[in-house]
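Open the model in a viewer and keep the selection panel to hand. The stops below run from single residues to the core, the cavity and the pocket.

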Amino acid sequence: MRIESVTPIFIDRYLFVEVATDTGIVGLGESGAWAFQEGTAATIERFAEYLIGKDPLLIEHHWQYLYRWTHFGGSVVMGALSAIDIALWDIKGKFHDAPVHELLGGKVRDRARVYYHVFGETTDELVDGIADARKQGYTAVGHLTPFTDAPRTEPYFETHAQKITSAVEAVERYRDAAGTDVDLGVEIHRRMSPYEAVAFGNAIEKYTPLFLEDPVLPDNIDEMAYVASKINIPIATGERYTSIWEFQMLLSRSGAQMVRPDVCIVGGITGARKVAALAEALHVAVVPHNPLSPVSTAACLQIAATAPNFLVQEFPNETWGEKGDDRPTPALLVTGAAEHDGKGFVQISDAPGIGVALQPDAAQRYPYRKREILTRLHVDGSVVDQ
Ligand SMILES: [Mg+2]
């Protein structure tokens with residue numbers, strides 16, 4: 001079997017890759033460098049120059065060959081490599097008429113617990129989202145940001161006392177809405193400095209959050225570890241890391257009790273599976289990051305199926321996106337999309353490969369929409385990370 005073509009495909013806000021072979025088997029993957037889709041597509045086309053004519057089953061070899069081709073890396077290169085890796089695993093599964101998880105050692109669970117992905121511009125909207133999730137049978141809710149997803153055009157200002165107090169009050173409201181039936185993933189989106197994160201983390205301990213996500217910028221692993229050492233709730237981080245080596249540095253410093261590899265940016269199924277194994281050795285849980293399409297979800301579920309230390313899967317649904325967006329539902333984008341079972345889980349698919357394929361009319365129906373470059377500013381004119 002030989003690779004005949006490697007094609008980046010833009011749909012809505014997503015970037016997919018289809019790898020076609022001379023047997024007619026086509027593999028599908030997705031990139032997670034969502035802010036840099038054009039650059040990632042160009043990198044996929046460069047990688048195609050190497051891949052065309054090669055045996056698609058030699059996944060680890062191609063991964064190493066492209067990763068170590070030059071010393072330049074980063075999210076664009078790894079987004080491209082991840083998308084290709086997922087597509088190659090999809091091909092391998094279809095070639096052997098087996099789900100990818102079977103080729104990774106076999107599934108250790110039949111269902112994956114998922115967390116509902118709430119999006120809101122106000123605490124009231126987030127609280128409504130928790131109530132809705134509870135009604136739908138979910139047992140966990142994430143993307144709960146006490147600073148809300150306020151419009152980035154709105155200049156930001158709060159005093160220290162306002163910032164910490166209002167954030168703690170927001171978490172109290174989440175818990176009231178959730179009861180103990182629903183676990184809470186509190187998402188900071190890197191909007192605290194270490195001293196703020198320690199004050200906040202200790203103040204919300206009594207509300208028993210499942211995790212505190214990205215309390216500080218992840219680019220200083222020592223500071224993440226400092227926060228982790230000062231609070232008694234688990235830190236979940238890693239969505240921006242593009243390699244097993246960054247995760248190793250995080251884990252060796254006890255910087256997280258839950259790792260969040262993004263299968264579409266950390267080197268695909270190959271990279272995410274290795275991160276899960278690193279974490280397993282330290283009794284650290286895996287919560288795969290997944291803010292993307294049902295293709296990413298299908299790839300994440302291969303990790304959920306096979307990692308003994310998997311905890312819960314981020315599961316975006318139709319509510320994800322800016323208000324008023326006409327976003328494609330999972331079924332309009334792909335065939336075989338994972339569905340919530342009404343009890344907080346999704347079934348692990350036993351379909352060959354990753355189990356999903358693009359709907360033939362999806363690209364025509366949902367043309368690519370470029371993201372605007374828009375960063376939130378403080379009232380003093382400086383930049384805020386939101
Ligand atoms: Mg996050």
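On this tour, one residue touches another, or is in contact with it, when heavy atoms of the two lie within 4.5 Å. The model is predicted.

**Stop 1: Pro294**

Select helix α11, residues 294-306, where Pro294 is placed. Show everything in contact with Pro294, leaving out residues up to four places away in sequence: Pro330, Leu333, Val334, Ala337 and Val356. Then draw a distance from the C-alpha of Pro294 to that of Pro330; the two residues are 36 apart along the chain, and the separation is 5.9 Å. Pro294 has a relative accessible area of 12% and is therefore buried.

**Stop 2: Glu4**

Move to strand β1, residues 3-11, which contains Glu4. Beyond the four places on either side in sequence, Glu4 touches Ala20, Thr21, Asp22 and Ile52. For a longer distance, pick the C-alpha atoms of Glu4 and Leu88: they are 13 Å apart in space, with the two positions 84 residues apart in sequence numbering.

**Stop 3: two positive phi angles**

Select Asp12, in the loop between β1 and β2 (14-21). Asp12 is not a glycine, yet its phi is positive, near 50°. With a relative accessible area of 1%, Asp12 is buried.

Next take Ser254, in the loop between α9 (244-252) and β9 (258-259). Its phi is also positive, about 55°, and Ser254 is likewise not a glycine. Is Ser254 buried or partly exposed? Ser254 is partly exposed, at 48% relative accessible area.

**Stop 4: Glu196**

Select helix α7, residues 194-203, and within it Glu196. This glutamate is buried, and its relative accessible area is 9%. Display its contacts outside the four-place window in sequence: Glu196 touches His160, Lys163, Ile164 and Arg191.

**Stop 5: the nonpolar cores**

Which residues of the largest nonpolar core touch the most other members? Select Val6, Phe16, Tyr174, Phe200, Val259 and Ile269, out of 108 residues in that core. The element that gives the most to this core is helix α3 (residues 75-95), with 10 residues. There is also a second, separate core of nine residues, and Tyr115, Met258, Val287 and Val312 are among them. In soluble globular proteins, nonpolar side chains tend to be buried together.

Centre the view on Ile269 and show its contacts. Setting aside residues up to four places away in sequence, Ile269 touches Asp85, Ile86, Trp89, Val100, Leu104, Val263, Ala299, Gln302, Ile303 and Ile354.

**Stop 6: Cys264 and Cys300**

Select the sulfur atoms of Cys264 and Cys300. Why is Cys264 not bonded to Cys300? The sulfur of Cys264 is 6.4 Å from that of Cys300, its closest cysteine sulfur, and so too far for a bond; a disulfide here requires the two sulfur atoms to be within 2.5 Å. Seen from the other side, Cys300 is in no disulfide, and the nearest cysteine sulfur is that of Cys264. The search of the whole structure finds zero disulfides. Cys264 is buried, at 0% relative accessibility, and Cys300 is buried too, at 0%.

**Stop 7: the cavity**

How many cavities of 30 Å³ or more does the structure hold? The structure holds one. The largest cavity has a volume of about 40 Å³. To find it, select its lining: Leu51, Ile59, His62, Trp63, Leu66, Leu81, Ile84, Asp85 and Leu88. Colour this selection by class, and the lining shows seven nonpolar residues, one polar and one charged. Helices α2 (59-67) and α3 each supply at least two residues of this lining.

**Stop 8: the largest pocket**

Finish at the largest pocket, with a volume of about 1,600 Å³. To centre the view, select Trp34, Ala35, Arg152, Arg371 and Gln386, which lie nearest the pocket's centre among the 50 residues of its lining. Two elements give two or more residues to the lining, namely α1 (37-51) and β4 (111-117). Coloured by class, the lining of the pocket divides into 22 charged, 17 nonpolar and 11 polar residues.

Terms used
Residues are numbered from 1 along each chain as its sequence is written. This is a predicted model: local features need pLDDT of at least 70, side-chain atom pairs count only at pLDDT 80 or more; totals for chains, interfaces and linings use all residues. Side-chain values use heavy atoms; hydrogens and water are left out. A nonpolar core is a set of buried Ala, Val, Leu, Ile, Met, Phe, Trp, Tyr and Cys residues joined through side-chain atoms within 4.5 Å. Buried means under 20% relative accessible area, exposed over 50%, partly exposed in between (1.4 Å probe, protein chains only). Helices (H or I, at least four residues) and strands (E, at least two) are DSSP runs, numbered from the N terminus. On a 1 Å grid over the protein atoms alone, a cavity is a set of points where a 1.4 Å probe fits but cannot get out, and a pocket is an open set with protein on both sides within 12 Å along at least five of seven lines; lining residues have an atom within 4 Å of a point. Grid points are joined across faces, edges and corners, and a volume is the space filled by probe spheres set on the points. Ala, Val, Leu, Ile, Met, Phe, Trp, Tyr, Cys and Pro count as nonpolar, Asp, Glu, Lys and Arg as charged, and the others, Gly among them, as polar.
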